[in-house]
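Please look over the structure shown here before reading the notes under it. The notes are meant for a reader who has not seen it before.

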Amino acid sequence: MSSNQPKGNGERKIDFLNVDFIRNPFPVYKEIRETDPVYRFPMPNGQLAWVITKYQDAVEILNDSRFVTNYPGNNNDSESKLPPHQEIISRNLLSVNPSDHRRLRRLVQNAFTPRMVEQLRGRIEEITNNLLDKVQSKGEMNLIDDFAFPFPIIVICEMLGVPFEDQDKFRRWSEVIMEGVNNPNFSQQSEQVMIEFVDYLKELIGKRRNNLQKDLISDLISVEDEGDILTEHELYALVFVLIIAGHETTVNLIGNGVLALLEHQEQKEKLKNQPEFIHSGIEEILRYNGPAEVSNMRFATEDMEFRGKHIHKSDLLLISLSSANRDSEQFMNPDTLDVTRKVNNHIAFGKGIHYCLGAPLARLEGEIAINTLLRRMPKIRLKNNQSLLEWRPGMIIRGVKEIPVCF
């Protein structure tokens, strides 16, 4: 049998769109790590891809310059064939290759250093408490709709300088666009919303150019480093990534995190009674059931042998962050949630040059949101049986649609 095919020894196969797999992919990943860790499978669109399931393999590929995120011929044959609104945002931090990525990241990274993000702590705490104030007296809420979803969109919109009255638009656009990105069967509505989103950004950024203010969009318009500035399209693409990708990361960090704690009451009690463990607790939540199923796509730029498999030039690879973060060769008792875990080099935010720019902000938001929730609602519990929760379809974002809780 060709080394490029699964071993065919009875192990279960990956189906990223299967409801049971989405709910609990970890047993399947464990089997594949043990039997065929560099695993070839058909994507939902029929394209063959490799999925990388072991931690060390994932880290190696994420740091290897021979694997790029934007390979000529693999983006609808050429960027010129993309609809205009998609072409505008196509060259963003998640998709451009090393030289462009380093340039863009250099121009914007100062806004997201841990030191700069820490200055937002007071306002983030205020936003958290305001949202919880709205539901505290009701004794119940939908954790996603009432808290996890609006929370980060308010934070990032305020950072960027999006007017308060427009923030609900961004909530809707973010939800629909990510649903389209995450689910190949959901595209028409996403296309229309993308047009609305880009048109709005054009108008908002145009206004800022004529009236700079103390916000991140104004800073990005003005940013310059050694004579280099962001082009108009780069500015649209960057704001798009900050709002869409950054927002979704935090929504599902909070949702998955609270769900994991409610499923492991002893860990919830430990974190509630010893809030100083919130730093290690957030890292463990990111490892145990992080917000991203896989990294952004990688393409091989040359033929090569990798772990006994022949990878062809232009082959597509998906790095399973969920699988790598449960690898027993890297983590002791990987299927156990332990908010006091001391050694935790997870890759929930990726690795290498594409390491998540907004990781410091997501961490701070997660820490404040979960600590505040446990302090204000110490008896929080699931309203329905965990098995009734519906996970969002798709193969990129990992999160639950709704989490009804009472407290």
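This briefing covers two helix packings, one pocket and the enclosed cavities.

The model is a predicted one. Helix α9 (residues 150-160) takes part in both packings described here, with α17 (residues 359-376) and with α7 (residues 121-136). The structure also holds two cavities of 30 Å³ or more.

**Helix α9 against helix α17**

- Two packed helices are described by the angle between their axes and the distance between the axes.
- For α9 and α17, the axes cross at roughly 135° and come within 11 Å.
- Angles over 145 degrees count as roughly antiparallel and those from 65 to 115 as roughly perpendicular, and α9 and α17 are therefore oblique to each other.
- Their crossing is right-handed.
- On the α9 side the contact is made by F151, P152, V155 and M159, and on the α17 side by L361, E365 and A369.
- Six of these residues are nonpolar, one is charged and none is polar.

**Helix α7 against helix α9**

- The axes of α7 and α9 lie 10 Å apart, and the helices pack at an angle of about 140°.
- The crossing of α7 and α9 is right-handed.
- From α7, the residues R123, I124, I127, T128 and L131 meet P150, F151, I154, V155 and E158 of α9.
- This contact has seven nonpolar residues, one polar residue and two charged residues.
- F151 and V155 of α9 appear in the contact with α7 and also in the contact with α17.

**The second largest pocket**

- The second largest pocket holds about 400 Å³ of space.
- Its lining has 17 residues, and A111, M116, M159, L216 and D219 lie nearest the centre.
- Two or more lining residues come from each of α5 (98-108), α6 (114-118) and α12 (216-222).
- By class, the lining of this pocket has ten nonpolar, two polar and five charged residues.
- M159, one of the residues nearest the pocket centre, is also part of the contact of α9 with α17.

**The cavities**

- The largest cavity has about 50 Å³ of space.
- Around the largest cavity are F16, F21, I22, E293, R392, G394, M395, I397 and R398.
- Five of the residues lining the largest cavity are nonpolar, one is polar and three are charged.
- The volume of the second largest cavity is about 40 Å³.
- L286, G290, P291, A292, L321, S322, N325 and A348 line the second largest cavity.
- The lining of the second largest cavity has five nonpolar and three polar residues, and no charged ones.

Methods. Residues numbered from 1 in each chain as written. Predicted model: local features only at pLDDT ≥ 70, side-chain atom pairs only at ≥ 80, totals over all residues. Heavy atoms only, no water. Axes fitted to C-alpha atoms, helices over the stretch in contact; angles between N-to-C directions. Helix = DSSP H or I, 4+ residues; strand = E, 2+ residues; numbered from the N terminus. Parallel < 35°, antiparallel > 145°, perpendicular 65-115°, else oblique. Left-handed = near helix turned anticlockwise from the far one by under 90°. Contact = heavy atoms within 4.5 Å. Nonpolar A, V, L, I, M, F, W, Y, C, P; charged D, E, K, R; others polar. 1 Å grid on protein atoms, 1.4 Å probe; cavity = no way out; pocket = protein on both sides within 12 Å on 5 of 7 lines; lining within 4 Å. Points joined across faces, edges and corners; volume = space filled by probe spheres on them.
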